[in-house]
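This report walks through a structure chain by chain. Please have the sequence and the coordinates open while reading.

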Amino acid sequence: MAPNRLPKSVRAELVEAPLFSFGAALERKCGPSTSSGRTVLGLLAGWLALMAVPAFAQQTPEQRLDALDKRITRLEDMNQVEKVQRAYGYFVDKGQWTQLSELFADDATLEIGGKGLFLGKKRVLEYMQTAFGKDGPKEGLLANHMQFQPIVDISPDGKTAWVRSRAFVMSVGGWGLPLYEDEFVKDNGTWKFKRESGPFTMYSSWKGWGHDALNNTWPDKFDPPPDLPPSTVYLTYPAYWIIPFHYPNPVTGKPFPVEPVGAYQAPPGTPEQEASLKVGRLADGTQPIAQPPKD
Amino acid sequence: MITNPSTVRAELVEAPLCLAANAAPEEKNSPRASGPASLPTSSGRTGPVVWAVLVGALLGFAAVPAHAQTVEQRIAAYKHRVELLEDQNAIEDLQATYGYYFDKGLWDQAAALFTPNGSFEYGQRGVYIGQDHIRRAMLLFGPQGLAAGHLNNHMMLQPIVTVADDGLSAKARWQGMIMLGQPGQNGLWGIGLSENEYVKQKGVWKISKAHFYVTAETDYDAGWTKSAIPMEGPSALFPPDRPPSEVYRAFPGVYIPPFDYKHPVTGKSLADIPEPADDVVGRK
């Protein structure tokens, strides 16, 4: 996984607020599904009203318009990145692996669960079609990966985006909760997956997570084998691992702690690691394993 | 890193000043259909002539840097882009509101969200046209105001909204998670998809077509491997205005509700994705 989970970015509204002196009007929106468009129109009106004010004379109208263009583009980019992530989910639901792979940049990477890393768009397609069959939904098979709760951030240069989001899986196999920390690249004006990283939070049978839980997947659980081993080894529910947040705390501005959190937050044998292994576990300290790894 | 927002702020404030040269070429190839900047792309959308002319002059075939436009031209273009963002938000709010009404059996309020000639289609129940028929069709789900002991949740999630460049119509795909309950029966889980259409009339977005495709429904305890609940057909009590517009089975059958949007990366239509065969329906 790319180490750069903490972009040197801040939300663009923080950056440009001083230009307009409208900082108070700029709520920190975490997603474009809010009324951020209204905010921009308000800014546009405010800009028009202030055009003639001499206090702003140090900036030309063109400079202010450049800044406005950048902010509108950022909102458009956020919407588009959400669309790509959501389209990924709709393609999974219907087994559209070719269409899904087309959402990825040629040099993109994909890592789902504990299966390891797949390198490149062609390998994404090979992974999907080998593991899940040829394109198209199959009678009697349900594998809905609903895409929820996106937090989108765009880099200051507008060429990279990050999303933290989740899938809620309802399938013939039961329930599932992947979490995503994905990276996108704007390639020739088009947003594509650059890195899809989907560690699992929880998988259980239909009887529910109070009854049983599957352990994480592993590289040779099913074909095809990955190009690289998993970037992180972690346990799923009832243990947990927190995939680092790409964005800082939106209120305090503090970045997410760099050290991993969860079962592997400290070296094996240390008291911290021993304690963390009990977090989220059953009362007897065990982690149920439904399908032990093959030899 | 970002421990002190104010320093970052100061550092990046100058960034917009150097962006102008890059702005226009980037817009040139953007696939998004959210503004006049996208007109010269392969998005396949065409706005009104007035916009085409204006935009052609503005961004025009986009080799023209933003600074070559007049201030008025740029403001007009940006206003249009902001309006399209607002339109998307308004449509998301509209559909979410429809869902909240539908959950609670507020049929009068839900039907009022439609255009006078709007249509409502749920599963294989057929198509109802016009607010009055839509309201009565919804009464088939239960009385106005959710009856005691009932759960009728149809969550409106995962939207992909595509607003037409003229800002007067839109389409959207939604994921619908279903949780149903009624006295004396076990709970029910379900999944479905909405492919809806909207129009803006006198500045207000309304639903012109609500089409909910049931993907799968199952008994709460049994789950998909043991229980697959079929869809209801057209009502004999209040028959629809038209038969179902598409004939398909819910799970264990499989069906792909046609995608309204184009592939977000390739820009190609998704209309020709083949439907899976279905012996019962007779689809090869």
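Is A:His246 buried or exposed? The model is predicted. In it, A:His246 is buried, because its relative accessible area is 1%, and the cut-off for burial is under 20%.

## The surroundings of A:His246

A:His246 sits in a loop of chain A, between strand 8 (241–242) and strand 9 (261–262). Its side chain has polar partners. One is the side chain of A:Asp153, at 2.8 Å. Another is the side chain of A:Glu181, at 3.0 Å.

A:Arg164 is 82 residues away from A:His246 along the chain. The C-alpha atoms of these two residues are nevertheless separated by 7.4 Å.

## Two nonpolar cores

The largest nonpolar core has 54 residues. Four of them touch the most other members: A:Tyr88, A:Leu100, A:Leu103 and A:Phe104. Helix 3 of chain A (residues 61–93) supplies the largest share of this core, twelve residues. A second core is separate and holds 36 residues. Among them are B:Tyr198, B:Trp205, B:Tyr213 and B:Val214. Nonpolar side chains tend to be buried together in soluble globular proteins.

What does A:Leu100 contact, apart from its neighbours within four places in sequence? The partners are A:Tyr88, A:Phe91, A:Val92, A:Val124 and A:Met128.

## Layout of chain B

Chain B has six helices and six strands. From the N terminus, the order of elements is α-α-α-α-α-β-β-α-β-β-β-β. Of its 284 residues, 50% count as buried. Take the contacts in chain B between residues at least 6 apart in sequence: 59% of these join residues at least 24 apart.

## The sheet of chain B

The six strands form an open, mixed sheet in the order 2-1-6-5-4-3. Strand 2 (127–129) and strand 3 are the edge strands, and each pairs on one side only. From one strand to the next, the twist averages 15°.

Start at the strand 3 edge. Strand 3 pairs with strand 4 (residues 169–181) of chain B in the antiparallel sense, over eleven bridges. B:Thr162 has B:Lys171 in strand 4 as its bridge partner. Strand 4 then pairs with strand 5 of chain B, again antiparallel. Twelve bridges join that pair, and one bridge partnership links B:Leu180 to B:Leu188 in strand 5. Strand 5 and strand 6 of chain B also run antiparallel, joined by twelve bridges. Here B:Gly192 has B:Val214 in strand 6 as its bridge partner.

## Hairpins and cover

Two hairpins contain a residue with positive phi. Between strand 4 and strand 5 of chain B there are six residues, and in this hairpin B:Gly184 has a phi near 85°. Between strand 5 and strand 6 of chain B there are two residues, and in this hairpin B:Lys202 has a phi near 50°. Strand 5 of chain B is mostly covered, with ten of its 14 residues buried.

Which strands does helix 4 of chain B lie across? Helix 4 (residues 71–103) lies across strand 1 (114–122), strand 3, strand 4, strand 5 (188–201) and strand 6 (204–219) of chain B. Its angle to strand 3 of chain B is about 165°.

## Helix 6 of chain B

Helix 6 (residues 131–139) of chain B lies across strand 1 and strand 2 of chain B. It runs at about 30° to strand 1 of chain B.

Three residues in helix 6 of chain B are buried: B:Ile134, B:Ala137 and B:Met138. Seen down the helix axis, the buried residues fall within an arc of 100°, so they line one face of the helix. Their cover includes helix 4, helix 5 (107–111), strand 1 and strand 2 of chain B.

## B:Asn153 on an edge strand

B:Asn153 is in strand 3 (residues 151–163) of chain B, one of the two edge strands. Why does B:Asn153 count as buried? Its relative accessibility is 19%, and the cut-off is under 20%.

Neighbours within four places in sequence aside, B:Asn153 contacts B:Asp103 and B:Lys104. It also contacts B:Met177, B:Ile178, B:Met179 and B:Leu180.

Key: Residues are numbered from 1 along each chain as its sequence is written. Chains are lettered from A and ligands numbered from 1 in the order in which they are written. This is a predicted model: local features need pLDDT of at least 70, side-chain atom pairs count only at pLDDT 80 or more; totals for chains, interfaces and linings use all residues. Side-chain values use heavy atoms; hydrogens and water are left out. Helices (H or I, at least four residues) and strands (E, at least two) are DSSP runs, numbered from the N terminus. Buried means under 20% relative accessible area, exposed over 50%, partly exposed in between (1.4 Å probe, protein chains only). Contact means heavy atoms within 4.5 Å. Two strands pair if DSSP finds at least two bridges between them. Axes are lines fitted to C-alpha atoms, for helices over the stretch in contact, and angles run from 0 to 180 degrees between N-to-C directions. The arc is that of the directions from the helix axis to the C-beta atoms. A polar contact is a pair of N or O atoms within 3.5 Å; within protein, one must be able to donate a hydrogen and the other to accept it, and residues adjacent in sequence count only if both atoms are side-chain atoms. A nonpolar core is a set of buried Ala, Val, Leu, Ile, Met, Phe, Trp, Tyr and Cys residues joined through side-chain atoms within 4.5 Å.
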